[in-house]
Amino acid sequence: MSSGVRIGIGHDRHRLGIGESIRVGGVTIPHDRTLLGHSDADVLLHAIIDAILGAAALGDIGEHFPDTEPENAGRNSGEMLGLVLKRIDELGWRILNVDCTVFAERPRLAAYKQDIRASLAGLLGINSDQVNIKAKTGEQVGPVGREEIIEADCVVLLGATS
């Protein structure tokens with residue numbers, strides 16, 4: 001039985017390649033690039049999954065969904081998140097809030113923040129006022145600024161269900 005609260009932090013990054021859209025927080029955003037990865041490469045969902053797993057002391061996303069397993073090729077990150085949520089529920093935890101930052105030079109994410117927030121609230125089974133999304137550019141510096149990668153950071157607070 002769980003008691004109290006726990007906090008976890010997650011980070012992820014994916015390279016960009018030629019494409020037509022990116023997927024961030026379960027939302028498809030038109031873009032002239034795409035995120036590359038073994039699964040669907042949803043960088044924000046991966047950071048959230050890692051934050052949840054960390055808060056629950058359950059390791060990391062690579063331990064649960066290794067890129068060496070064929071069933072994870074092209075896998076929907078929302079499905080992975082659902083499995084992680086089921087596991088923490090079994091352990092007596094629930095999500096109290098999430099605070100996330102996505103780092104992308106392009107596309108500008110300000111116009112998509114509310115859609116991402118609503119998507120995350122739905123996927124996480126919480127109210128949208130328990131979700132915060134921030135978007136930052138790389139100021140044309142480093143791999144984000146050169147549009148080589150998109151990164152995401154997330155902090156999750158878990159509370160005991162009883």
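**Group meeting: core, helices and salt bridges in a predicted model**

Let me start with Asp-40. Its relative accessibility is 21%, so Asp-40 counts as partly exposed. The cut-off for buried is under 20%. Keep in mind that this is a predicted model.

Where does Asp-40 sit? It is in the loop between E4 and H1. Now its contacts, leaving out residues up to four places away in sequence. Asp-40 touches Arg-23 and His-46. It also touches Gly-74, Arg-75, Asn-76 and Ser-77. One distance for orientation. Pro-107 is 67 residues from Asp-40 along the chain, and their C-alpha atoms are 18 Å apart.

On to H1, which follows that loop. H1 has 13 residues. From first C-alpha to last it reaches 19 Å. At 1.5 Å a residue, 18 Å is expected, so to speak on paper, and the model is close to that.

Is H1 buried or exposed? Of its 13 residues, 12 are buried, so H1 is largely enclosed by the rest of the structure. The buried set includes nonpolar residues such as Val-43, Leu-44 and Leu-45. His-46 and Asp-50 are buried as well. So His-46, one of the contacts of Asp-40, is among the buried residues of H1. Just after the helix, Ala-57 takes a positive phi of about 55°.

Next, the core. The largest nonpolar core has 46 residues. Which of them touch the most other members? They are Leu-44, Ile-48, Ile-52, Ile-88, Ile-95, Leu-120 and Leu-124. Several elements each supply at least two residues of this core: strands E2, E3, E5, E6 and E7, and helices H1, H3 and H4. Which one gives the largest share? That is H1, with 10 residues.

Take Ile-88 as one example from the core. Leave aside its neighbours within four places in sequence. Ile-88 is then in contact with Ile-52, Ala-56 and Leu-58. Trp-93, Ile-95 and Leu-158 complete the list. Two of these partners, Ile-52 and Ile-95, are themselves among the residues that touch the most other core members.

Now H4. Its 12 residues should span 16 Å at 1.5 Å a residue. The end C-alpha atoms are 16 Å apart, which agrees. Which residues of H4 are buried? Ile-116, Ser-119, Leu-120, Ala-121 and Leu-124 are. Their cover includes E2, E3, H1, H3, E5 and E6. Just after H4, Gly-125 takes a positive phi of about 70°.

Now the charges. How many salt bridges does a search of the whole structure find? It finds 7. I will go through three.

First pair on my slide: Glu-151 and Arg-13. Their side chains meet in a salt bridge at 2.6 Å, N to O. Glu-151 is in strand E7 and Arg-13 in strand E1, so the pair ties together parts that are 138 residues apart in sequence. Glu-151 is buried, at 13% relative accessible area. Arg-13 is partly exposed, at 47%.

Next, Arg-106 and Asp-32. Their closest N and O atoms are 3.1 Å apart. This pair links loop to loop, across 74 residues: Arg-106 is between strand E5 and helix H4, Asp-32 between strands E3 and E4. Arg-106 is partly exposed, at 34% relative accessibility. Asp-32 is partly exposed too, at 43%. There is a third member here. Asp-32, Arg-106 and Glu-147 are linked in a network of salt bridges.

Then Lys-134 and Asp-99. The closest N and O atoms are 2.6 Å apart. Lys-134 lies in strand E6 and Asp-99 in strand E5, so this pair ties together parts that are 35 residues apart in sequence. Both ends are partly exposed: Lys-134 at 27%, Asp-99 at 30%.

Last item, the surface. Ile-7, Ile-9 and Val-155 make a nonpolar surface patch of about 300 Å². Val-155 lies in strand E7, the strand that also holds Glu-151. What is the relative accessible area of Val-155? It is 31%, so Val-155 is partly exposed. Residues enter a patch at over 30%.

How values were computed:
Residues numbered from 1 in each chain as written. Predicted model: local features only at pLDDT ≥ 70, side-chain atom pairs only at ≥ 80, totals over all residues. Heavy atoms only, no water. Patch = residues over 30% accessible without salt bridge, like charges linked within 9 Å, V, L, I, M, F, W, Y side chains within 5 Å. Areas by Shrake-Rupley, 256 points an atom, 1.4 Å probe, with all protein chains shown as cover. Salt bridge = Lys/Arg side-chain N within 4 Å of Asp/Glu carboxyl O. Helix = DSSP H or I, 4+ residues; strand = E, 2+ residues; numbered from the N terminus. Buried < 20%, exposed > 50% of the residue type's maximum accessible area, 1.4 Å probe, protein only. Core = buried A, V, L, I, M, F, W, Y, C linked by side-chain atoms within 4.5 Å. Contact = heavy atoms within 4.5 Å. Expected span 1.5 Å × (residues − 1).
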